[in-house]
2 protein chains.
Amino acid sequence: MELKTVNELIGIVGEDYVITNPSQKISYMYDQVEMAMRPEANENSIVVKPKNTDEISKIMKYANEHNIVVVVRGGGTGLCGACTPVRESIILSTERLNKIIEIDEDNMVAVLEAGVTLYDLLEELENHEGVGFPVHPGDEGAQMGGMAVTNAGGARAVKHGVMRKHIQGMEVVLPSGEIMELGGKLIKNNAGYNLMQLIIGSEGTLAVVTKIILKIYPKDKYSATIIAPFESFDDASRAVLEILKSGVTPLAVEYQDKHLFVDTAKMLGTQWQAEKGNADLMIIISEKTEAALYETCSLINDICEKNNSYETLFAGKKSEQDELLLIRSQHYELIKDIIGHSFDTAVAVADVPAYLKELKSLAEEYNTITNITAHIADGNIHSDIVLVDGKMPPYAEELKEKIFKTCFKYNGTITGEHGIGKLRINDLKLQKSSTELDLMRGIKKLFDPNNILNPGTVIEV
Amino acid sequence: MELKTVNELIGIVGEDYVITNPSQKISYMYDQVEMAMRPEANENSIVVKPKNTDEISKIMKYANEHNIVVVVRGGGTGLCGACTPVRESIILSTERLNKIIEIDEDNMVAVLEAGVTLYDLLEELENHEGVGFPVHPGDEGAQMGGMAVTNAGGARAVKHGVMRKHIQGMEVVLPSGEIMELGGKLIKNNAGYNLMQLIIGSEGTLAVVTKIILKIYPKDKYSATIIAPFESFDDASRAVLEILKSGVTPLAVEYQDKHLFVDTAKMLGTQWQAEKGNADLMIIISEKTEAALYETCSLINDICEKNNSYETLFAGKKSEQDELLLIRSQHYELIKDIIGHSFDTAVAVADVPAYLKELKSLAEEYNTITNITAHIADGNIHSDIVLVDGKMPPYAEELKEKIFKTCFKYNGTITGEHGIGKLRINDLKLQKSSTELDLMRGIKKLFDPNNILNPGTVIEV
């Protein structure tokens, strides 16, 4: 980065908050994308840490006038390389915008600076009895701004939906440096085109989110986790559809290939309780009253039994539930070193069995494994192409193409929750019509005519 | 309209479906905006009734090439003049796109042509046990396409939110005639900018919606209506906030000025049961089980009592509830002839008491009445400027300006659910920054470069 730019940035945020030292910069270069597939960061990028909206506005104005690329960085917990600076960039870290401005229990909203982490928010809400926030993408280091622009999802989307449903207002800085307020504490607002909904999911390419107004909710007090093993995936899947139609909505319904549950438990020094079966569901329930929890468990039990589950194992104590959740979430540690390419496809819930069957046959065709982990009740399937002898196998591109083709056969999407970022920018062209891509390009140009904000992400102009 | 255009349209849709006869056209010219404030239709407009997407595509292509204005008309139940053709227009009625393509109970979605009315949908869902659709803007003649582009709300938004939350996919025709598919039966989809969310709420100015994929839900089987009269509005409002925070979510919480309840009941030949008090809440509850209904009623009763309600009157029988709902909805018949200007402002729920107090003082200042009808649990306040001797009073514009100013003081919006349309296009400039208006203008130009689709609605280019 030119010295002139560095000095200008020092002038805006102060010397302590411009990082040019390589060893200090390195942790700002990548997100959580696996090594084998991650885009390469440009080492000439520098990190700047503004403390507020006004400083961000000044940085954007300068960058825009001088055609300098800016990449916004939140918690760096993303999985599509959106925040990796592939060109020489100002990495604009929002970590100092970490103020919880207000927990407004009358309106049941939280007003948060963009750099507040999910961990910070949940910790603060502990001080507000009975109040919670439900979206949980897995890593609590995720920042609110990042969760908003990536439209974060996670396992609990079954009951609570994704971030889009919970954001009521935003403050953003446009590439020009202009500050814009969108929405507010209002529940209903039909005044004009909804630019906020457009910015949600735009992965830091249209505006820098500096503040968000987030809906908070009365917390469910009671929870349970059910493990239900089935002989066939079709039975398990039919049970899921019947549960969704029954009127009770689980917090989450997770499916993993059996070996992932069994081997992760072993790795953690414990044992996976469900010995029988080939297709295990982990169903997490949360309810407001004990009676409702009991009723929901009983109904789910009946549906699982009717669909030939071997048994239904209930965990009611927090420690037991935590152990199960740990086995679910730690499978990644088991496999992360062998992941060549990881997928985030999604199809309609009822198409999951047929889609998974085809993924399995594709794996057989190439004599490999799939590592399927699915948020099965919302149709979001994570699967992998695994490395062979530590290397990307020669058939990787071909298999990837076949997996996408299969996904499109079911009108699926290449990304249910992780986003396009830099990782899937070429793949997006396989899914979208040129008409839609052209409109996206037009929107990008409208917000960011000089293409300085996170270029090469989501859409190329 | 030029004969050449008429003949061209006849060539596309057939003679029977191009209406040029004034007496047949008239019912396509206006929506439900009150006479005193409705924009005037251009009488040279003609009506065309295509039967499918392909015909719509051809109409748009022709209109775009010849710079002819097209105004899409759904059920005509809108309240902002969006579908009134103020310039010489092709009124494109979607009434023949009335096919319920699929009720997919496995994925819990309905696939609907844009002209399917809410009435048709609800009737069809009667054949699917236990399945329903919750959004209800009041008039069941509303068509799905119209409900989508206006982001329809209604009283039940408290529990179920607005249309935006329930639309998963769309087929649209762009002004160019190009057909675009957005979303699908997918629950999670993070592939690219969300153009569908932008089209929702765009009031027929960006694209013609031809098909929608709508989430459907397990229906709540049990319902009750509670009338709770309070002496002061502050107490009533405090009770509402406590209910919302308690963890139970009513289907709807309606407030009306007492005289509207009392006089409407009288008009209907019955009597308003709550004699005491000046601020009556009508709280509608729906739950999946009888036990849950009982528990919710009991909790609401406690909260109302704690906040000094005189009593809580419960209606459990369908006939009793229907009567109450009729009194709520028929107030419009009582006042419609005296409405000069009707408002649709919204503020944050906790600001409702202070905001209403100011509306009341403004009415006093002008020696008039407000006719307040509020979806109080989502902050959406309908109020009126009433006619004096059948005429718009001379202070109308001044009072309107003061009402908006008050609304903005509370960071409110000029339209919570009815939309901008042609009615509020100038008022929108009071609420939005020029930055935001410029972006809206840019989006309009991007989708509709020749400005042929419903110009003069939402935003002028």
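Begin by selecting Glu126(B) and Lys219(B), whose side chains meet in a salt bridge with an N to O separation of 3.8 Å. Glu126(B) sits in the loop between helix H4 (118-125) and strand E7 (131-132) of chain B, and Lys219(B) in the loop between strand E11 (217-218) and strand E12 (222-230) of chain B, so the pair ties together parts that are 93 residues apart in sequence. Colour the two residues by accessibility: Glu126(B) counts as exposed at 58% relative accessibility, and Lys219(B) is partly exposed, with a relative accessible area of 38%. The model on display is a predicted one.

**A second salt bridge in chain B**

Next, select Glu95(B) and Lys49(B). Their side chains also form a salt bridge, at 3.5 Å from N to O. Glu95(B) belongs to the loop between strand E4 (89-93) and strand E5 (100-104) of chain B, while Lys49(B) belongs to the loop between strand E2 (46-48) and helix H3 (53-65) of chain B; the pair therefore ties together parts that are 46 residues apart in sequence. Glu95(B) is partly exposed at 29% relative accessibility, whereas Lys49(B) is buried, with a relative accessible area of 13%.

**Across the two chains**

Display both chains and select Lys188(A) together with Asp378(B). The side chains of these residues meet in a salt bridge of 3.2 Å, N to O. The pair crosses between chains: Lys188(A) is in the loop between strand E9 (179-183) and helix H7 (195-199) of chain A, and Asp378(B) is in the loop between strand E17 (373-375) and strand E18 (380-386) of chain B. Are the two partners buried or exposed? Lys188(A) is buried, with a relative accessible area of 1%, and Asp378(B) likewise counts as buried at 1% relative accessibility.

With both chains still shown, superpose chain B on chain A. The operation is a rotation of 180 degrees with 0.0 Å of shift along its axis, and the RMSD is 0.0 Å. That is the relation of a two-fold axis. Now select the interface residues: 100% of those of chain B are also interface residues in chain A, so the copies meet through the same surface.

**A salt-bridge network in chain A**

Move to chain A and select Glu102(A), Asp104(A) and Lys185(A), which are linked in a network of salt bridges. To place this network in its wider setting, highlight every salt bridge in the structure; over all chains there are 58.

**The annotated domain**

Select residues 40-219 of chain A. The unreviewed UniProt entry places the feature "domain: FAD-binding PCMH-type" on this span. The C-alpha atoms at the ends of the span lie 42 Å apart, and the span is 20% helix and 26% strand.

**Two asparagines with positive phi**

Most residues other than glycine have a negative phi. Select Asn151(A), where phi is near 50 degrees, a positive value in a residue other than glycine. Asn151(A) lies in the loop between helix H5 (144-149) and helix H6 (157-160) of chain A, and Asn151(A) is buried, with a relative accessible area of 3%.

Then select Asn411(A), another residue other than glycine with a positive phi, near 55 degrees. Asn411(A) is found in the loop between helix H13 (396-409) and helix H14 (428-431) of chain A. At 61% relative accessibility, Asn411(A) counts as exposed.

**A nonpolar surface patch**

Turn on the surface of chain A and select Met267(A), Leu268(A), Leu326(A) and Leu334(A). Together these residues make a nonpolar surface patch of about 290 Å². Leu326(A) is located in helix H11 (residues 318-335) of chain A and is partly exposed, with a relative accessible area of 41%.

**Arg73(B) and its surroundings**

Finish in chain B with Arg73(B), which is found in strand E3 (residues 69-73). Arg73(B) is buried, with a relative accessible area of 6%. Which residues are in contact with Arg73(B), leaving aside its neighbours within four places in sequence? Among them are Ser27(B), Tyr28(B), Met29(B) and Tyr30(B), together with Cys83(B) and Gln143(B). The contacts also include Ile91(B), Leu92(B), Ser93(B) and Thr94(B). As a final selection, add His160(B): Arg73(B) and His160(B) are 87 residues apart in sequence and 26 Å apart in space, C-alpha to C-alpha.

Methods:
Residues are numbered from 1 along each chain as its sequence is written. Chains are lettered from A and ligands numbered from 1 in the order in which they are written. This is a predicted model: local features need pLDDT of at least 70, side-chain atom pairs count only at pLDDT 80 or more; totals for chains, interfaces and linings use all residues. Side-chain values use heavy atoms; hydrogens and water are left out. UniProt positions are given in the numbering used here, feature names are shortened, and annotations may be inferred rather than shown by experiment. Helices (H or I, at least four residues) and strands (E, at least two) are DSSP runs, numbered from the N terminus. Copies are superposed by least squares on the C-alpha atoms of residues with pLDDT of at least 70 in both. Contact means heavy atoms within 4.5 Å. Buried means under 20% relative accessible area, exposed over 50%, partly exposed in between (1.4 Å probe, protein chains only). Patches are made of residues with over 30% relative accessible area and no salt bridge: like charges are joined within 9 Å, nonpolar side chains (Val, Leu, Ile, Met, Phe, Trp, Tyr) within 5 Å. Accessible areas come from the Shrake-Rupley method with a 1.4 Å probe; for residues, only the protein chains shown count as cover. A salt bridge is a side-chain nitrogen of Lys or Arg within 4 Å of a carboxyl oxygen of Asp or Glu.
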